[in-house]
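Let's take a walk through a protein together, starting with the whole chain and then zooming in on one residue. Have a look at the picture before reading on.

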Amino acid sequence: MPFSNLSSPRKVHGLDAEIRGAAFLASPGLVAMVSTDPVRLGVCPIGGAGAKTTNLSLSSAHDVALLSKDVAVVRSDDAVWALLGITHGPKLDQVGRDARHLATRPSGETALALGWDGGATELKLDRTEVNGRTFAVRGSARAFDLTETETHAVMDVAGEGGELRVHPGATPEPGPTLRASLPRAAQNLDRVRGGPKLTAVYKRGAGAVCAIVRSSGKLAAKMLAFGDPVADVAVLESSLFACFADGRVALFDGAAIESAAGAPLAPTASVTLGARGEPAVLVVAGKGSPTLWVGTSAGEIWSLAIVRKQGG
């Protein structure tokens with residue numbers, strides 16, 4: 001059944017610094033969030049208590065990926081650092097440079113960094129070490145996202161809004177199995193969240209999102225307008241989730257996306273966090289009984305259950 005509502009939010013943890021990035025690791029079920037000034041990594045089990053904070057000796061932090069329960073990767077400015085042994089005296093090891101974007105994978109083991117020179121680096125866990133393998137990207141990549149089985153890449157196309165390419169595996173090296181031209185209004189959108197039914201291309205602070213719906217082996221893209229700037233976006237099945245600077249977290253189901261026709265989109269459900277600071281990052285954790293996790297500019301970490309529509 002489709003999603004229809006969001007539960008009352010609950011505060012899970014706090015880092016007391018601005019949260020910049022988030023990641024989900026499906027097994028054993030962990031959510032990580034990274035803050036800046038100071039840089040701290042918070043790791044929260046999705047099923048209960050036991051959240052842990054690790055202080056990192058970095059000047060800043062922007063993105064995070066979890067490769068395992070003990071190993072994370074953090075982008076700090078242009079450098080990429082592996083955090084080894086999260087639970088047992090962590091060690092920092094630089095594993096990449098000249099990076100402008102870091103994509104995380106829910107199944108762990110690998111992450112993907114996009115370089116300023118247009119190349120990319122696969123960051124792969126090898127027992128207790130993280131090894132980087134740099135490779136060339138065909139075309140000019142704007143953003144990556146990784147699912148358990150695919151890489152979603154947004155590519156620049158001269159004079160157009162760009163192109164979404166869906167590749168099998170954990171890198172864009174295999175040829176794409178699906179492509180979609182993006183509307184011209186999507187040309188400045190620089191982030192992507194991918195899924196098997198819905199992909200969203202967006203920019204933090206922009207008032208519109210490009211939604212790409214997959215149906216019968218084809219992709220169809222359309223722009224969605226919102227009444228306010230979007231702080232961050234997540235997708236699950238056919239639904240899109242967005243958080244806003246005024247503290248709202250909203251669900252837009254597949255029917256709302258399908259019927260969108262240019263006017264600001266009315267949410268299927270919306271709740272207000274009541275947290276310190278503004279919502280800054282958003283990540284979906286789990287599938288059967290999924291939760292939505294929000295990190296704020298004041299360092300608070302909140303979660304909300306995503307409720308399915310009841311049958312009958």
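Start with how the chain folds back on itself: of the contacts in the protein chain with a separation of 6 or more, 47% are between residues 24 or more positions apart. Keep in mind that this is a predicted model.

What is the chain built from? You'll find one helix and 29 strands in it. The radius of gyration is 18 Å, close to the 20 Å that the globule rule gives for 312 residues, so the chain is as compact as a globular protein of that length. If you'd like its outline in numbers, the C-alpha trace spans about 50 × 45 × 35 Å along its principal axes.

Next, think about inside and outside. Of the 312 residues in the protein chain, 54% are buried. The accessible surface adds up to about 12900 Å², and carbon and sulfur atoms hold 48% of that. As for charge, there are 32 positive and 30 negative side chains, with the centres of the two sets 4 Å apart.

Now zoom in on Leu-25, which sits in strand E3, running over residues 18–25. Is Leu-25 buried or exposed? Its relative accessible area is 1%, so Leu-25 counts as buried, the cut-off being under 20%.

Who keeps Leu-25 company? Setting aside neighbours within four places in sequence, Leu-25 is in contact with several residues, among them Leu-30, Leu-66, Ser-68 and Pro-106. Ser-107 is another contact of Leu-25: these two are 82 residues apart in sequence, yet their C-alpha atoms are 5.9 Å apart in space.

Conventions
Residues are numbered from 1 along each chain as its sequence is written. This is a predicted model: local features need pLDDT of at least 70, side-chain atom pairs count only at pLDDT 80 or more; totals for chains, interfaces and linings use all residues. Side-chain values use heavy atoms; hydrogens and water are left out. Helices (H or I, at least four residues) and strands (E, at least two) are DSSP runs, numbered from the N terminus. The radius of gyration is taken over C-alpha atoms; the globule rule is 2.2 Å times the number of residues to the power 0.38. Buried means under 20% relative accessible area, exposed over 50%, partly exposed in between (1.4 Å probe, protein chains only). Contact means heavy atoms within 4.5 Å. Accessible areas come from the Shrake-Rupley method with a 1.4 Å probe; for residues, only the protein chains shown count as cover. Lys and Arg count as positive and Asp and Glu as negative; His and the chain ends are not counted. The place of a charge is taken as NZ of Lys, CZ of Arg, CG of Asp or CD of Glu.
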